[in-house]
Structures are given as structure tokens and as C-alpha cells.
Amino acid sequence: MQSYLRITAAKFHETERVGPFLAMFDPESDYCGCNYAIPDFGAVPTEDEVARLTEAFRRRGRVPNLDFLREAVPAAEAVLVQCGYTPERGLPFMICTPEQVVERPKPAGISLVVPKTVDEFRKMIRAQNVAFGEADPDEHVDPFPSQLSGESTSVMAVAENGEVVGGGVATGIIDGASEIQGIAVIAEYRSRGIAGAMAEYLTREAHARGARSVFLIPALGQREPVYGPVGFKTVAESVRLSLV
């Protein structure tokens, strides 16, 4: 899974190898979620390597930060903390194999629709932006090439009045794995089982396309009520550390 995260992130970022770290940067955004480093599996970084990684971020005007699975790199966190990095959060890393998937009730008054046109994708992405509390939900609504090409799988939740009220994506399969990303439902339609229904749909689709494992990193509070009933199990912890 650590290898998967490194490979997929590198596809959409500028990269720089610094010792046992792969640092990834977005030249158009200083958002920490778009600029971060992942250590190699089992890496034991030196303080000098951490210093050089920090400099790579500072040189680009980005906040130095890392995301990785704690269990995959057990020795890295202590070295980073010793160098001044602060753990920000730990989130569960959840996996669902084909035999684990649980059928969920269909949400009343909601249809799950696969977007096909650019306009449909934009409506789905806008609904996700609204659900995530973006300041301007009409910004950054163009779909990724992987969505238009069908490399990834998208699904949107549509209410009876035709309003798109949520969406989510399963990434393309790499090394037998696919990630569920961006599942979001606007506030007025939450607590109706829509997020779980989209997660089930995307998980089954990813398995049907050849994924042996489907994984996700849920937002705080979503692990048990949303993804546990679908069949996802926590197998590791994703940790972020930063240096302000």
C-alpha cells in the first residue's frame, strides 16, 4: 500500500528524490495536501537527510510535511520528531477485499449515476466541493483526464429533483489496488446512507475491474458509521507530520 501511494501521487506532481524520501510538489498550489513527501518502505532516515528534505520544501516556498503509513515506516517518525516535525493527526487506513463487501440498503429517493459527460462531471465535482466546505465551490470543477478516460471510476448521487448531491471516485488499479477518494454528500442529504452506498458501488466496481484490495483513508468520525458497515477494516494508521 505504501508503494501504491507513492506511485499514484507521483503521477500528478513534480517530484524530487531526497535520500529515502520521495518529495512531491504542486507548482500551482501551496496546499499541504498537494505538497508532501513519502518515505521508502522500512526507511530509517538520518538527520542530514531530513534537513535536506526540509530544504527542498523551503526552496519552493512550501511547508515541509510528510504523509505515510506508520506501520510501513516504523522508525521514521521518531527521527522526524527529533528534527522538529510535529505529528498532526493519525487516521485509519482501511481495506476491503472482495469477500468482505457488505450490501447496503439503497438510499430512498437517491439514484447512483455514473457521470459520462464533462457537464455531469462538473456537477459532481461541484457537489463534492460544496460538501467539503470549499470557499468557492465553482472553482476547480474540471474533471481529471483519468475520469474522462475511464481509468478511474466515478459515481454521483442524484436526488429525485435532479440535483447532484454527492460523489466519489475509485482510482485506477495499480499493483492490484484501488483507492476510494473524495466521497462527499452535501449537508442537507447526510445521514441517509448515501456515502455508504457510493462506497459500496465504487468498491464493487473496483473489484470487478481486477482490484484485489480497495482502500481508503476516512475523514475523522467516518470510520465506523460510514465505511465499517460496507466491509472496510482498519489495518494501519496514516500519519502526517509537518514543520512550520
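Two residues are in contact when heavy atoms lie within 4.5 Å. The exercises below apply this term and others to a predicted model.

**Exercise 1. Contacts and sequence separation**

Task: Among contacts between residues at least 6 apart in sequence, determine what share joins residues at least 24 apart.

Solution: Consider the contacts in the protein chain whose partners are at least 6 apart in sequence. Of these, 68% join residues at least 24 apart.

**Exercise 2. Overall form of the chain**

Task: Compare the radius of gyration of the protein chain with that of a compact globule of 244 residues.

Solution: Step one is the expected value, which for a compact globule with 244 residues would be near 18 Å. Step two is the value for the protein chain, 19 Å, and this agrees with the expectation. Step three adds the extents: along its principal axes, the C-alpha trace spans about 60 × 40 × 30 Å. The protein chain contains seven helices and eleven strands.

**Exercise 3. Surface and charge**

Task: Describe burial, exposed area and charged side chains for the protein chain.

Solution: Begin with burial: 50% of the 244 residues are buried. Next, the exposed area of the protein chain is about 11800 Å², of which carbon and sulfur atoms supply 52%. Finally, there are 24 positive and 33 negative side chains, and the centres of these two sets are 3 Å apart.

**Exercise 4. The surroundings of N65**

Task: Establish whether N65 is buried or exposed, and identify the backbone oxygens that its side chain reaches.

Solution: First, locate N65 in strand 4, which covers residues 65-69. Second, apply the cut-off: a residue is buried under 20% relative accessible area. N65 has a relative accessible area of 1% and is therefore buried. Third, examine the polar atoms of the side chain. One of them lies 2.5 Å from the backbone oxygen of N35, and the side chain also reaches the backbone oxygen of V63 at 3.2 Å. Fourth, leaving aside residues up to four places away in sequence, N65 touches several residues, among them C32, F57, Y85 and R240.

**Exercise 5. H207 and F215**

Task: Assign H207 and F215 to their secondary-structure elements and classify their burial.

Solution: H207 belongs to helix 6, residues 194-208. Its relative accessible area is 14%, so H207 is buried. Beyond residues up to four places away in sequence, the contacts of H207 include C96, P98, R212 and V214. F215 belongs to strand 10, residues 213-216. With a relative accessible area of 0%, F215 is buried. F215 and R104 are 111 residues apart in sequence, and their C-alpha atoms are 18 Å apart in space.

Conventions. Residues are numbered from 1 along each chain as its sequence is written. This is a predicted model: local features need pLDDT of at least 70, side-chain atom pairs count only at pLDDT 80 or more; totals for chains, interfaces and linings use all residues. Side-chain values use heavy atoms; hydrogens and water are left out. Helices (H or I, at least four residues) and strands (E, at least two) are DSSP runs, numbered from the N terminus. The radius of gyration is taken over C-alpha atoms; the globule rule is 2.2 Å times the number of residues to the power 0.38. Buried means under 20% relative accessible area, exposed over 50%, partly exposed in between (1.4 Å probe, protein chains only). Accessible areas come from the Shrake-Rupley method with a 1.4 Å probe; for residues, only the protein chains shown count as cover. Lys and Arg count as positive and Asp and Glu as negative; His and the chain ends are not counted. The place of a charge is taken as NZ of Lys, CZ of Arg, CG of Asp or CD of Glu. A polar contact is a pair of N or O atoms within 3.5 Å; within protein, one must be able to donate a hydrogen and the other to accept it, and residues adjacent in sequence count only if both atoms are side-chain atoms.
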